[in-house]
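Open the model in your viewer and keep the selection tool at hand. The tour goes stop by stop.

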Amino acid sequence: MQNKLKLALAVAMTSAVLVGCSSNNVKPAKPNPLPKISQQQGLSLVFSHSASSSNAAEALRLQLDSQQGQVFAINPDGQVFAYQGKKQVWKSKLSKQELTAGVEAGEGIVVVGSRKGQLFALDQASGEQKWTAQLSGAILSPSLIQNGRVVSIANDGTVFAHDTATGQQVWTYKLPHVQFSLRGQPAPVALDNRTVLIASANAYIYALDIISGVPRFQRRVAISDGRSDIQRLIDINGDPVVAGQYIVTSSFQGQVTVTDIASQRVAWSEDVSSTQRPEVSEDYVFISTSDGKLNAYKLNTGELVWQNDSLLNRQLSNPVLLGQNLVVGDLDGVLHVLDPASGQLIGRAKTSGEVSSLRVIDNQLYVATRKGALSIWQTR
């Protein structure tokens, strides 16, 4: 079993790295106070669901998902829910083992994963359990459902593909062993209808044929020059992003990198540490850094357009574009709204608990926090 299962590095050891000190007596840097905002561009709450909270050191990837007008929610205690508007349509109890990843919905099923490596598939319409599969390690990121396959990653670095309809295992692919890594795993991402991208703790991305599992290409997208094992940690913990002809990645103690898909060569790379998924528009790449900065780069050239350092040490989530605005969450559950052209703060809203992930579906903001608040927001 990989050391990532044994190491509680994600908070204890990396916090020392983030503040750039080795003394055990030095406390983590104090978060910046909330800056004043002259004008307010607010968010309004559309839907909320309360789940069990998770330990701050745990890397749960709990999220809402939506298909055909229904919203699917998860509770770590083993329950999955479906809502139509605010009305609960069904509830399914799966396991006494803690659910650690999901929900992901598609092709008529809803998929969640557990700490013990159990992968569950439910019928979207009824919540009835269709099949279950046993993986070789904990499932710490949502699966990808595409082209008749459910692609999932176990915490020991094994990629699994199961048949969407039957749950039969179709193929596996073993990622290279990494001795030390942060606890956590980026989700599999579709490169195209036939190809899935897998990002790894060794700072490589792997493109696999989603039907057969045959490798199409692999590419290193970050490097480290650290002297110690901890300083050489260079995990890609945020999901890679496919944007037109490019793949955009960010890595801890590494770089934000834009790779040209056709040539499989790095178009540009800039030193920045981030454990969060980048956000990409037609012209910009947005990154929330490990120390709480927000950076905007030109997608084609890598030129730094702006940097906002008013939220230093607030443990920022991944940034997302919601309509004409950029949104990022923080350790206090604050959702910050920014102008993506200038980086200026223009509004905020408040949820409950540290924001762990943001995603946008159908121009609505889906928010998950470590306190178990799963909610949907829209611009006012």
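Start with Ser288 and show its side chain. In this predicted model, a polar atom of that side chain lies 2.7 Å from the backbone oxygen of Ser317. Ser288 belongs to strand β24, residues 284-288. Is Ser288 buried or exposed? Its relative accessibility is 1%, so Ser288 counts as buried. Now display what surrounds it. Leaving out residues up to four places away in sequence, Ser288 touches Ser274, Gln276, Lys293, Leu294, Leu316, Ser317, Asn318 and Pro319.

Next, select His336. This residue lies in strand β29, residues 334-338. Its relative accessibility is 0%, and His336 therefore counts as buried. Which side chain does the His336 side chain meet in a polar contact? Asp330 is the partner, at 2.8 Å. Asp330 also appears among the residues that His336 touches beyond four places in sequence. The others in that set are Leu34, Leu311, Arg314, Leu326, Val327, Val328, Leu345, Gly347 and Arg348.

Move on to residues 65-93 and switch to cartoon. An open sheet of four strands runs in the order β3-β4-β5-β6, with antiparallel pairing. Its edge strands are β3 (65-67) and β6 (87-93), each pairing on one side only. From one strand to the next, the twist averages 25°. Look along the β4 and β5 pair: six bridges join these antiparallel strands. For a cross-strand pair, pick Ala73, which stands opposite Phe81 in β5.

Now select residues 118-134. Here β9 (118-123) and β10 (129-134) run antiparallel, joined by five bridges. Phe120 stands opposite Thr132 in β10. Five residues separate the two strands of this hairpin. Check Gly127 there: Gly127 takes a positive phi near 80°.

Finish with the largest nonpolar core. How many residues does this core hold? The count is 26, and Leu64, Val80 and Val112 touch the most other members. Colour the strands that each supply at least two residues of this core: β4 (70-75), β5 (79-84), β7 (99-106), β8 (109-114), β9, β32 (364-369) and β33 (373-379). In soluble globular proteins, nonpolar side chains tend to be buried together.

Centre the view on Val112. With neighbours within four places in sequence set aside, Val112 is in contact with Ile74, Val80, Leu94, Leu99, Ala101, Gly102, Val103, Gln118, Leu119 and Phe120. Two names there are familiar: Val80 from the core, and Phe120 from the hairpin stop, opposite Thr132.

Terms used:
Residues numbered from 1 in each chain as written. Predicted model: local features only at pLDDT ≥ 70, side-chain atom pairs only at ≥ 80, totals over all residues. Heavy atoms only, no water. Buried < 20%, exposed > 50% of the residue type's maximum accessible area, 1.4 Å probe, protein only. Polar contact = N/O pair within 3.5 Å; in protein donor to acceptor, adjacent residues only side chain to side chain. Contact = heavy atoms within 4.5 Å. Pairing = 2+ DSSP bridges. Core = buried A, V, L, I, M, F, W, Y, C linked by side-chain atoms within 4.5 Å. Axes fitted to C-alpha atoms, helices over the stretch in contact; angles between N-to-C directions.
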